[in-house]
Amino acid sequence: MFRRILIANRGEIAVRVIRACREMGITSIAVYSKADQDCLHTSLADESICIGPPTSTDSYLHIPSIVAAAEICDAQAIHPGYGFLSENPKFASICRECHIGFIGPTPEAISLSGNKSECRAKVKSAGVPVVPGSEGLIRDPDEALKIAKAIGFPVLVKASAGGGGRGMRIAHNDVALKNAVSMASNEAAAAFGDGGVYLEKFVENARHVEFQIFGDNHGRLIALGERECSIQRRHQKLIEETPSPALNHSLRNKMAKAAVRAAKAIGYTNAGTAEFLLAPDNQFYFIEFNARIQVEHPVTEEVMGVDLVKEQIRVAAGDPLRLREGDPHGCAIEARVYAEDPDNNFAPNPGTVTRCHFPGGPGVRVDSHLFSGYTVPRYYDSLLAKVIGYGETRDEAIGRLAGALDEFTTEGVKTTANLCARIIQSDRFRRGDLGPDMVDLFLPKMK
Amino acid sequence: MDLEQFRELIRIFEESALSQVEIEESGLRIQLKKPEPPVAPAPTYAIAAPHPAGHAAPMMVQAFPQTAPPPAPAPAVPAAPSVASVAAEDEGLVTIDSPLVGVFYAAPAPGEPPFVREGDVAEEKQTVCIIEAMKVMNEVVAKFPCVIEKILVQNGEPIEFGQPLFAVRPTEPA
């Protein structure tokens with residue numbers, strides 16, 4: 001087992017990994033930028049080291065600095081968290097060359113997951129249904145038009161290197177498609193340095209259901225239930241829950257098997273997520289693979305009674321997987337609290353949290369790096385906290401989460417906590433009738 | 001506090017070496033803060049892939065010493081209390097800070113004389129040390145001519161980003 005682990009991340013996920021290390025008796029080493037000197041991960045870790053200026057390209061994304069920090073701190077492994085370098089195959093392979101353990105999948109599997117069009121083709125050949133669309137990248141707008149006519153409008157233009165909603169456009173007709181192709185391509189070239197795009201049929205009123213996957217280095221690979229992430233703003237998740245109200249036992253089993261087949265086709269190890277679209281007719285389609293621990297992993301932990309981060313560390317050290325497939329027990333819902341103003345188009349709202357209070361009580365979990373006096377830097381993702389409500393039934397989970405969000409206090413910055421509370425207490429949410437259009441219903445009408 | 005006193009307060013604060021002042025007086029709370037010193041332009045160092053044979057071509061690194069006085073509010077670096085005391089003793093001193101995280105080497109190779117010793121004069125662009133990161137030797141150079149008053153770290157010591165390496169006294173260019 002590793003004795004010293006460096007955490008190449010910040011915020012709540014760095015705190016989450018440090019807590020796992022503490023529990024396991026592993027020395028944790030935090031890295032921080034000049035803007036994060038007073039952050040919780042910096043003070044909570046056993047050791048900490050400054051790796052660069054505030055801009056993430058010169059600190060948390062700067063591979064030589066992270067690797068040099070691991071070397072001078074004598075770290076045996078690096079946990080990349082999510083975001084930043086977590087899905088960077090170059091980083092994973094440099095770790096391998098430098099004999100530093102990478103707590104995640106192999107560089108090859110990360111590389112394949114990151115190339116969405118290639119990944120889609122691999123998964124399709126393993127017999128997993130994918131959304132009808134182009135085979136590989138599209139070369140020009142004329143080819144896109146031909147394919148769109150064959151599969152039928154509306155279509156989705158997606159960047160092969162995309163993510164987080166960037167490099168993605170919906171087109172309802174010929175003219176819109178031409179624009180969508182060039183806009184998605186330009187956006188992806190600017191954001192990811194790769195302008196390759198592909199085409200997919202836009203599945204209307206689809207729900208977003210993903211499956212937790214876990215594989216070890218000894219050939220065992222399992223699915224650990226699903227998470228429904230249909231409540232999104234700007235293509236980014238806001239509320240997640242498990243089990244999904246849309247799945248019954250047989251559909252869950254069918255999708256879990258497809259998720260395992262997809263992961264095997266990619267050669268996946270450690271924790272990952274297979275994302276699916278679920279159409280109203282219960283037809284499901286694989287869309288992409290996330291080669292990292294997900295933000296919303298706590299809901300799976302609550303209903304499956306597992307600790308995914310500790311298991312990640314064990315598996316990366318070469319241990320066989322201890323987890324077992326099984327049925328979820330109870331229901332867990334997570335609300336993401338961002339430092340954003342929902343009444344102002346989710347504009348980021350950095351500032352100082354003058355006072356904060358976390359809820360408690362049965363079935364309530366808060367994963368956060370917040371403390372009174374914390375200044376939310378403007379350089380990074382604005383996620384402040386994840387508040388999770390767990391209950392024997394979905395109603396109990398909703399009740400606990402609603403109470404927790406009401407109690408959750410952050411003075412000084414505007415957050416999405418109240419918006420989440422209103423959404424989960426709505427009749428539509430209680431009915432389990434979820435969709436990406438839902439958030440808009442709770443926002444002030446745009447002029 | 002009236003407006004005149006407030007103006008006076010701002011004037012005193014601006015002239016002081018303090019970076020932040022907080023005053024609380026009968027229900028009134030005033031917080032004055034100076035803008036952070038501009039972040040030095042991203043150091044222009046390039047990192048090559050580790051060389052298979054183990055030696056790597058030295059890279060040029062521009063170190064940006066903290067802006068010179070008057071009153072040098074040497075940003076308090078908690079890792080190096082020695083600098084604060086150096087700066088307090090002698091206001092003419094500034095520090096050369098590490099532009100990256102790595103290992104500090106005072107000499108080009110083991111057994112060779114160091115790039116600089118305390119008391120030496122360093123020319124502009126003269127190499128003062130090496131920071132090794134990922135098997136790449138990154139040369140740190142003086143941004144301006146100066147006298148090396150104090151070397152603040154040990155040979156072979158692990159160095160954080162921004163850690164002061166040398167306390168130097170700028171000299172007038174010839």
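**Chain B, the domains of chain A and their local features**

The secondary structure of chain B amounts to two helices and 11 strands. This model, like every feature described here, is predicted. Read from the N terminus, the elements of chain B follow the order α-β-β-β-α-β-β-β-β-β-β-β-β. Chain B has 174 residues, of which 28% count as buried. Its contacts often span long stretches of sequence: among those between residues at least 6 apart, 63% join residues at least 24 apart.

Chain B also meets chain A, in a contact that takes 14 residues from chain A and 13 residues from chain B. On the chain A side, the elements that give two or more residues are β3 (47-52) and α3 (63-72). Of these, α3(A) gives the most, with six residues. By residue type, the side of chain A that touches chain B divides into 10 nonpolar, two polar and two charged residues.

Chain A itself is divided into domain 1 (4-103), domain 2 (132-201) and domain 3 (207-442). The centres of domain 1 and domain 3 of chain A, taken over C-alpha atoms, are separated by 23 Å. Where these two domains touch, 25 residues of domain 1 are in contact with 23 residues of domain 3. On the domain 1 side, α1 (11-24) and α2 (40-44) of chain A each supply at least two residues, and the largest share, eight residues, comes from α1(A). This side of domain 1 consists of 12 nonpolar, seven polar and six charged residues.

Turning to the interior, the largest nonpolar core has 149 residues, and those with the most contacts inside it are Ala259(A) and Ala262(A). Helix α9 (residues 249-266) of chain A gives the most to this core, with nine residues. Leaving aside residues up to four places away in sequence, Ala259(A) touches Phe211(A), Ile213(A), Ala223(A) and Ala274(A). A second, separate core of 18 residues includes Val155(A), Leu177(A), Val181(A) and Val197(A). Such grouping fits a general tendency: in soluble globular proteins, nonpolar side chains tend to be buried together.

Two members of the second core, Leu177(A) and Val181(A), are also among the buried residues of helix α8(A), together with Ala180(A), Ala184(A), Ser185(A) and Ala188(A). These buried residues lie on the same side of α8(A), because they cover an arc of only 120 degrees around the axis. The helix geometry helps to make sense of the pattern: an α-helix has 3.6 residues a turn, so residues three or four places apart point the same way. The face of α8(A) turned away from the buried side carries the exposed residues Val175(A) and Ala190(A). Helix α8 of chain A, residues 174-192, has 19 residues and reaches 26 Å from its first C-alpha to its last, close to the 27 Å expected at 1.5 Å a residue. It is followed by Gly193(A), whose phi is positive, near 70 degrees.

Individual positions add further detail. Gly215(A) is in strand β9 (residues 207-215) of chain A and counts as buried because 23 other C-beta atoms lie within 10 Å. Beyond residues up to four places away in sequence, Gly215(A) touches Arg220(A), Leu221(A), Ala263(A), Tyr268(A), Thr269(A) and Asn270(A). Gly215(A) and Gly267(A) are 52 residues apart in sequence and 9.2 Å apart in space, C-alpha to C-alpha. Asp142(A), in helix α7 (residues 141-151) of chain A, counts as exposed because it has 11 C-beta neighbours inside 10 Å. Asp142(A) and Val387(A) are 245 residues apart in sequence and 47 Å apart in space, C-alpha to C-alpha.

The backbone also has some less common features, given that most residues other than glycine have a negative phi, and most peptide bonds are trans. A cis peptide bond joins Phe153(A) and Pro154(A), with omega about -5 degrees; Pro154(A) lies in the loop between α7 and β6 (155-163) of chain A. The bond from Thr242(A) to Pro243(A) is cis, with omega near -5 degrees, and Pro243(A) sits in the loop between β11 (236-242) and α9 of chain A.

Although not a glycine, Asn345(A) has a positive phi of about 55 degrees. Asn345(A) lies in the loop between β15 (340-341) and β16 (347-348) of chain A and is exposed, with 12 other C-beta atoms within 10 Å. In chain B, Lys125(B) has a positive phi of about 70 degrees although it is not a glycine. Lys125(B) is found in the loop between β6 (121-122) and β7 (127-133) of chain B and is partly exposed, with 13 other C-beta atoms within 10 Å.

Key. Residues are numbered from 1 along each chain as its sequence is written. Chains are lettered from A and ligands numbered from 1 in the order in which they are written. This is a predicted model: local features need pLDDT of at least 70, side-chain atom pairs count only at pLDDT 80 or more; totals for chains, interfaces and linings use all residues. Helices (H or I, at least four residues) and strands (E, at least two) are DSSP runs, numbered from the N terminus. The expected span of a helix is 1.5 Å times one less than its number of residues. A residue is buried if 20 or more other C-beta atoms lie within 10 Å of its own, exposed if 12 or fewer, and partly exposed in between; C-beta atoms are placed from the backbone. The arc is that of the directions from the helix axis to the C-beta atoms. Two residues are in contact if their C-beta atoms, placed from the backbone, lie within 7 Å. Ala, Val, Leu, Ile, Met, Phe, Trp, Tyr, Cys and Pro count as nonpolar, Asp, Glu, Lys and Arg as charged, and the others, Gly among them, as polar. Domain bounds come from an automatic or database domain assignment. A nonpolar core is a set of buried Ala, Val, Leu, Ile, Met, Phe, Trp, Tyr and Cys residues joined through C-beta atoms within 7 Å.
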